[in-house]
Amino acid sequence: MKYITLLYFSFLFFGVFAQSTPMTPNEIKLFKVTVNQKTEHITSIQTDFKQQKHLSFLANDITSSGKMFLTQDGKLKWAYIKPNKYSIIFTKNQIIINDNGEKSIVKGNQKMFQKLSHVIAGSVSGKLFDDNEFKISYFKSNTTYRVKLLPKDKVLMSYIKAVNLYFKKGNGTVQKVKLVEPSGDYTLIQFLNKKLNEPISPSIFTH
Amino acid sequence: MNRLVRAFLLINFILIFCSCTGYKIIGKEVISQKEWQEVYYFSDKNVDYLFRIQLQAFGNTFGGILAIKKLGNQHHRVAVLTDFGNTFFDFEFIGTEIKVHYVMPDFNKKVIVKKLAHYFQLLVYERYPIKTVVKQGTNRVVVSKLEGKRIFLKYNSTQQLINLYEASTVRKKIKIEYFGRPHHLDSLSFQSLILPISFTAIRKE
């Protein structure tokens with residue numbers, strides 16, 4: 001359930017970065033309650049996504065798109081379809097990578113993948129709202145709520161400087177996630193065509 | 001005991017020395033009209049050079065994106081990213097100077113960073129001083145040096161760079177193969193002949 005909550009939060013991210021002001025303590029409380037209510041009964045999420053990678057030295061962002069699946073028991077699959085077919089499946093004990101038909105399994109104890117898995121699933125399901133792991137601040141604009149998470153863990157800090165989750169007002173679900181690297185370069189992921197609580201075939205997580 | 005160790009080391013040294021056939025270029029040495037050999041694969045400042053990369057290192061395989069940008073004269077930025085967009089490493093090369101902008105903690109060991117930086121420097125280095133040129137049929141090999149290391153650039157009859165070797169006097173150390181046209185690279189393969197590190201990169205549309 002915690003993964004679902006996190007994933008759900010990720011979908012809510014919709015960014016209007018400018019002109020945002022900090023939320024008041026009462027607004028934060030109400031926002032958390034609203035999100036919890038909305039994510040409480042989610043058993044699965046599947047969605048399309050568009051990804052933009054911004055590197056300061058490139059003229060254009062690198063774009064890709066695909067589908068994402070998340071189940072209540074914490075199975076997570078990111079399947080890139082364009083421009084290349086590439087999927088990565090996170091389960092409790094292992095990570096299965098399928099690079100255009102070439103399959104490989106990564107041990108789950110690798111730091112990088114553990115941290116990545118945690119942040120990605122957390123972004124989507126809401127677990128990132130953990131005060132012990134992140135310094136969290138809340139912002140609002142006319143159309144959007146933004147939750148900014150700064151890692152406290154030194155290992156995670158060396159991979160990710162900040163995670164921004166964008167929730168469109170009145171929608172209650174995460175629409176965009178912005179993962180900022182220590183260099184300031186970032187990855188922006190937008191979720192589209194979300195489907196909640198629809199059955200996901202177990203075979204989705206096998207290849 | 002010391003005597004035994006010394007003898008063992010001496011025998012090993014002799015065996016290694018005798019088993020190494022020095023790396024030599026076979027062909028006819030010709031006089032070059034130029035002092036410098038330019039490499040044009042990453043020479044357009046207006047282009048974001050993007051490749052799908054598959055990297056094998058010490059038994060692990062990583063897929064991702066190789067991004068190369070020319071920023072100025074003898075000035076390039078090179079980054080390798082995961083498909084998620086996380087940066088594996090990010091280097092900047094200005095002439096022979098190397099700046100390390102970021103290396104993922106899992107790779108951030110001094111020796112590995114140094115090697116990786118050198119490997120990617122070889123990819124984007126674009127102006128080699130010509131020491132000698134050797135003709136091999138319709139191909140020619142330009143012998144050069146980069147930071148004291150011997151570099152061999154092989155060109156075919158269409159003046160396309162088809163491979164690059166780094167070699168000491170006793171063995172080849174690095175091999176890069178290029179596939180494409182003289183000024184346009186479709187793909188490349190890289191192999192360290194010393195360490196278990198290799199990668200292939202295919203140009204993204």
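In which strand of chain B is the place of K149(B)? I looked it up in the model, which is a predicted one. K149(B) sits in strand β10, residues 149–155 of chain B.

**Entry: the positive patch**

I went on from K149(B) to its surroundings on the surface. K149(B) belongs to a positive surface patch together with K110(B), K114(B), K115(B), R171(B) and K173(B). I asked which element gives the most to this patch. Helix α2 of chain B, residues 110–124, does so, with three residues. I then checked the cover on K149(B). Its relative accessibility is 34%, so K149(B) counts as partly exposed.

**Entry: the nonpolar cores**

Next I turned to the interior. The largest nonpolar core holds 83 residues. Which of them touch the most other members? I noted W78(A), L66(B) and F120(B). The largest share of this core comes from α2(B), with eight residues. I met α2 of chain B above, as the element that gives the most to the positive patch. Another core lies apart from the largest one and has nine residues. Among them I listed F57(A), I62(A), A79(B) and L81(B).

**Entry: salt bridges**

How many salt bridges does a search of the whole structure find? I noted 10 over all chains. I followed three of them.

I started with R52(B). R52(B) forms a salt bridge with D99(A), and the closest N and O atoms are 3.0 Å apart. This pair crosses between chains. R52(B) is in strand β3 of chain B, residues 48–57, and D99(A) is in strand β6 of chain A, residues 94–99. Are these two residues buried or exposed? R52(B) has a relative accessibility of 11%, so it counts as buried. D99(A) is also at 11%, and D99(A) counts as buried because the cut-off is under 20%.

R52(B) has a second partner. Its side chain meets that of D83(B) in a salt bridge, at 2.7 Å from N to O. D83(B) lies in the loop between β5 (75–82) and β6 (87–94) of chain B, and R52(B) in strand β3, so the pair ties together parts that are 31 residues apart in sequence. I checked D83(B) for cover as well. D83(B) is at 10% relative accessibility and therefore counts as buried. I wrote the residues down as one group: D99(A), R52(B) and D83(B) are linked in a network of salt bridges.

The third bridge joins E38(B) and R127(B), with the closest N and O atoms 3.2 Å apart. It links distant parts of the chain, 89 residues apart. E38(B) is in strand β2 (residues 36–38) and R127(B) in strand β8 (residues 127–136), both of chain B. E38(B) is partly exposed, at 25% relative accessibility. R127(B) is partly exposed too, with a relative accessible area of 30%.

**Entry: two C-alpha distances**

I looked at two pairs in chain B. N139(B) is in strand β9, residues 139–146 of chain B. At 19% relative accessibility, N139(B) counts as buried, because buried means under 20%. G27(B) is 112 residues from N139(B) along the chain, and their C-alpha atoms are separated by 9.8 Å.

Q160(B) was my other starting point. It lies in the loop between β10 and β11 (161–167) of chain B. Q160(B) counts as buried, at 7% relative accessibility. What separates the C-alpha atoms of Q160(B) and D48(B)? I noted 21 Å, for residues that are 112 apart along the chain.

**Entry: backbone**

Last, I went through the backbone. The peptide bond from K82(A) to P83(A) is cis, with omega near 0 degrees. P83(A) is in the loop between β4 (76–82) and β5 (86–90) of chain A.

I also noted residues with positive phi. N193(A) is other than glycine, and its phi is near 50 degrees. N193(A) is in strand β12, residues 186–196 of chain A. It is exposed, with a relative accessible area of 57%. E147(B) is not a glycine either, and has a positive phi of about 55 degrees. Where is the place of E147(B)? I found it in the loop between β9 and β10 of chain B. E147(B) has a relative accessible area of 52%, so it is exposed, the cut-off being over 50%.

Technical notes
Residues are numbered from 1 along each chain as its sequence is written. Chains are lettered from A and ligands numbered from 1 in the order in which they are written. This is a predicted model: local features need pLDDT of at least 70, side-chain atom pairs count only at pLDDT 80 or more; totals for chains, interfaces and linings use all residues. Side-chain values use heavy atoms; hydrogens and water are left out. Patches are made of residues with over 30% relative accessible area and no salt bridge: like charges are joined within 9 Å, nonpolar side chains (Val, Leu, Ile, Met, Phe, Trp, Tyr) within 5 Å. Accessible areas come from the Shrake-Rupley method with a 1.4 Å probe; for residues, only the protein chains shown count as cover. A salt bridge is a side-chain nitrogen of Lys or Arg within 4 Å of a carboxyl oxygen of Asp or Glu. Lys and Arg count as positive and Asp and Glu as negative; His and the chain ends are not counted. The place of a charge is taken as NZ of Lys, CZ of Arg, CG of Asp or CD of Glu. Helices (H or I, at least four residues) and strands (E, at least two) are DSSP runs, numbered from the N terminus. Buried means under 20% relative accessible area, exposed over 50%, partly exposed in between (1.4 Å probe, protein chains only). A nonpolar core is a set of buried Ala, Val, Leu, Ile, Met, Phe, Trp, Tyr and Cys residues joined through side-chain atoms within 4.5 Å.
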